[in-house]
Amino acid sequence: MKSFGPATLLALWVAGAAVTGCTGATVIPPDLEERVDRNLSFDQLKEAPASYQGRFVVVGGSVLSARRMKDATRIEVLQLPLESSFEPTGRPIESRGRFLAFQKAFLDPAALPPGTRLTVVGEVTGAVTLALDEIEYAYPALDVHAITIWPVQVPIYWYRPFPYFGAYWGPYWGPYWGPYWGPY
């Protein structure tokens with residue numbers, strides 16, 4: 001049997017940790033896995049929230065506001081489509097509406113600034129009607145049983161490596177030689 005050196009063992013450990021880290025977060029707790037209705041879409045929930053009362057759903061989106069009430073924290077969320085990992089994705093224009101999530105355990109509203117992406121596993125409690133600008137809006141309401149807060153998405157910018165090579169770049173690493181950059 002071949003033994004591995006310390007460098008090889010360290011490399012294997014780092015590779016294993018990286019693969020384990022890429023598996024993602026567990027959004028649905030094991031005790032709620034069987035109770036979640038995966039066939040219930042947000043459009044159905046928004047259309048008739050009272051008829052789905054008591055069912056467990058997984059919805060997500062972007063936080064619009066969070067407010068501490070007397071006995072719960074009310075989170076207003078702009079719904080966004082979920083990936084297979086239940087992470088909210090897409091642009092706000094792809095939203096199908098808004099919903100309210102009520103967290104009974106203490107949750108500081110400062111921990112959920114506007115724009116925070118989250119996924120909620122919750123029990124449908126019906127609808128709450130609140131003013132939205134100049135209309136009355138019926139929000140589907142959920143009691144939170146599990147919440148996942150996703151990290152901020154940082155845009156990735158691609159830069160050209162130095163020196164710049166390409167069709168419009170001269171032999172001295174620039175498009176123009178100019179009076180100070182060209183040969184004398």
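## A briefing on the predicted chain

In this chain, 60% of the contacts with a separation of 6 or more are between residues 24 or more positions apart. Please keep in mind that this is a predicted model. Its secondary structure comes to 3 helices and 5 strands, and from the N terminus the elements follow the order α-α-β-β-β-β-β-α. Here is a quick tour, from the whole chain down to single residues.

**Burial and surface**
- The chain has 184 residues, and 33% of them are buried.
- About 12,800 Å² of the chain is exposed, with 60% of that area supplied by carbon and sulfur atoms.

**The largest pocket**
- If you are looking for cavities to probe, start here: the largest pocket has a volume of about 280 Å³.
- Its lining is made up of 16 residues, and R38, L40, S41, V58 and L82 are the closest to the pocket centre.
- Two elements, α2 (42-47) and β1, each give two or more residues to this lining.
- Of the elements, β1 gives the most, contributing 4 residues.
- By chemical class, the lining of the largest pocket holds 9 nonpolar, 3 polar and 4 charged residues.

**V63, a residue of strand β1**
- V63 sits in strand β1, which covers residues 56-68.
- Is V63 buried or exposed? With a relative accessibility of 2%, V63 is buried, because the cut-off for that class is under 20%.
- Which residues does V63 touch once its neighbours within four places in sequence are set aside? The contacts of V63 are I75, E76, L112, P113, P114, G115, T116 and L118.
- Q79 lies 16 residues from V63 along the chain, and the C-alpha atoms of the two are separated by 8.8 Å.

**Loop residues with positive phi**
- F86 is not a glycine, yet its phi is positive, at about 70°.
- You will find F86 in the loop that runs between β2 (73-79) and β3 (98-103).
- D133 is another residue other than glycine with a positive phi, in this case near 55°.
- The loop that holds D133 lies between β4 (117-132) and β5 (135-149).
- D133 counts as exposed because its relative accessibility is 77%, and the exposed class begins over 50%.

Terms used
Residues are numbered from 1 along each chain as its sequence is written. This is a predicted model: local features need pLDDT of at least 70, side-chain atom pairs count only at pLDDT 80 or more; totals for chains, interfaces and linings use all residues. Side-chain values use heavy atoms; hydrogens and water are left out. Buried means under 20% relative accessible area, exposed over 50%, partly exposed in between (1.4 Å probe, protein chains only). Contact means heavy atoms within 4.5 Å. Accessible areas come from the Shrake-Rupley method with a 1.4 Å probe; for residues, only the protein chains shown count as cover. On a 1 Å grid over the protein atoms alone, a cavity is a set of points where a 1.4 Å probe fits but cannot get out, and a pocket is an open set with protein on both sides within 12 Å along at least five of seven lines; lining residues have an atom within 4 Å of a point. Grid points are joined across faces, edges and corners, and a volume is the space filled by probe spheres set on the points. Ala, Val, Leu, Ile, Met, Phe, Trp, Tyr, Cys and Pro count as nonpolar, Asp, Glu, Lys and Arg as charged, and the others, Gly among them, as polar.
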